[in-house]
Amino acid sequence: MSSPTVLVTGAGGALGGAVRQRLRRAGVRMALLERDPAAAAAHRAAGDWAAAVDLLDEGAVATVVAQAAAEAGPLDVALLLAGGFAAAPAVDADLAALRRQLDANLATAATVARAVLGPMLQRGRGTIVGIAAGQARRGGAKAAAYAASKAALAAYLRAVDEETARHGVRTVTVFPMGTLDTPANRAAMPNADPAAWIDTERLADAIWWAATLGPRARVRELEVHPDA
């Protein structure tokens, strides 16, 4: 791709920050979606296109994605980084807890994917990248709702890919197979060794690599493991 425009959700998170740095090095145009208006304003002050939107509001997402394409350029890649983690034993994870995780990790991706798919299909090209989790592959104690929501995201993106790949629009699901080395995780697990965790900058490299392969080679699913 020559000077693509990349839409990023969850741009203000720890992984989002690493991804923004990677995209900046790649010289791409960024359209950044945030939940917090102050975070969106900070991105605009740094020179990027940005807007605040509730990713669970389908109408608002459709409007802001169309605005991003009109003002930042047609969207070539959508990196769906927004999500959330909540730990709870399965016996305590009631339907409300499950629905919250599905909203955070599936619905926030599906609204944006739906908004970008139409224009991508019309142009005959585009890539959508979602971030799953190791728990979506193997489960995880005290993470039943989280694991289910990330597995649902992976299944959703596989289904989208089956529909759209023949038309030039592809999906990639990235599975970080370990803990991300973020300030929040270091604070939550002060006795753990972060050397055994996944570096967010390297994960950002992997995401961008997978998103930009093609047209005759591509990745549908990518596991990223810690070295240790």
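The exercises below, each with a worked solution, concern the strands, helices and single residues of a predicted model.

Residues are numbered from 1 along each chain as its sequence is written, and side-chain values use heavy atoms, with hydrogens and water left out. Because the model is predicted, local features need pLDDT of at least 70 and side-chain atom pairs count only at pLDDT 80 or more, whereas totals for chains, interfaces and linings use all residues.

**Exercise 1. The sheet**

Work out in which order the seven strands of the open sheet stand, and which of them are the edge strands.

Solution. Begin with the elements themselves: strands (E, at least two residues) and helices (H or I, at least four) are DSSP runs, numbered from the N terminus. Two strands pair if DSSP finds at least two bridges between them. On this basis the order is S3-S2-S1-S4-S5-S6-S9, with parallel pairing. The edge strands are S3 (49–52) and S9, each of which pairs on one side only. From one strand to the next the twist averages 15 degrees.

Next, take two of the pairings in detail. S4 (residues 77–80) and S5 (residues 126–131) pair in the parallel sense over four bridges, and Val-77 has Thr-127 in S5 as its bridge partner. S6 (residues 169–176) and S9 are likewise joined in the parallel sense over four bridges, with Val-224 in S9 as the bridge partner of Pro-176.

**Exercise 2. The faces of S9**

Decide which side chains of S9 are buried, a term that stands for under 20% relative accessible area, against over 50% for exposed and partly exposed in between (1.4 Å probe, protein chains only).

Solution. In a regular strand the side chains alternate between the two faces of the sheet. S9 covers residues 221–224, and its side chains do alternate. Leu-222 and Val-224 point to one face and are buried, while Glu-221 and Glu-223 point to the other face and are not buried.

**Exercise 3. Two helix pairs**

Describe how H1 packs against H8, and how H4 packs against H6.

Solution. Angles run from 0 to 180 degrees between N-to-C directions, and axes are lines fitted to C-alpha atoms, for helices over the stretch in contact. For H1 (residues 14–26) and H8 (residues 200–212) the angle is about 55 degrees and the axes lie 8 Å apart. H1 is therefore oblique to H8, since angles under 35 degrees count as roughly parallel, over 145 as roughly antiparallel, 65 to 115 as roughly perpendicular and the rest as oblique. Where contact means heavy atoms within 4.5 Å, the residues of H1 that meet H8 include Leu-15 and Val-19, and those on the H8 side include Ile-207 and Trp-208.

The axes of H4 (residues 95–123) and H6 (residues 144–164) come within 8 Å and cross at roughly 15 degrees, so H4 is roughly parallel to H6. Among the residues that meet here are Leu-98, Leu-102 and Leu-117 in H4, with Leu-153 and Tyr-156 in H6. H6 also lies across S5, S6 and S9, running at about 155 degrees to S6.

**Exercise 4. Two single residues**

Are Thr-108 and Lys-142 buried or exposed?

Solution. Thr-108 lies in H4 and is buried, with a relative accessible area of 11%. Leaving aside neighbours within four places in sequence, Thr-108 is in contact with Leu-55, Leu-56, Ala-82 and Asp-103. Lys-142, by contrast, is exposed, with a relative accessible area of 57%. Lys-142 lies in the loop between H5 (134–138) and H6, and its phi is near 60 degrees, a positive value in a residue other than glycine.
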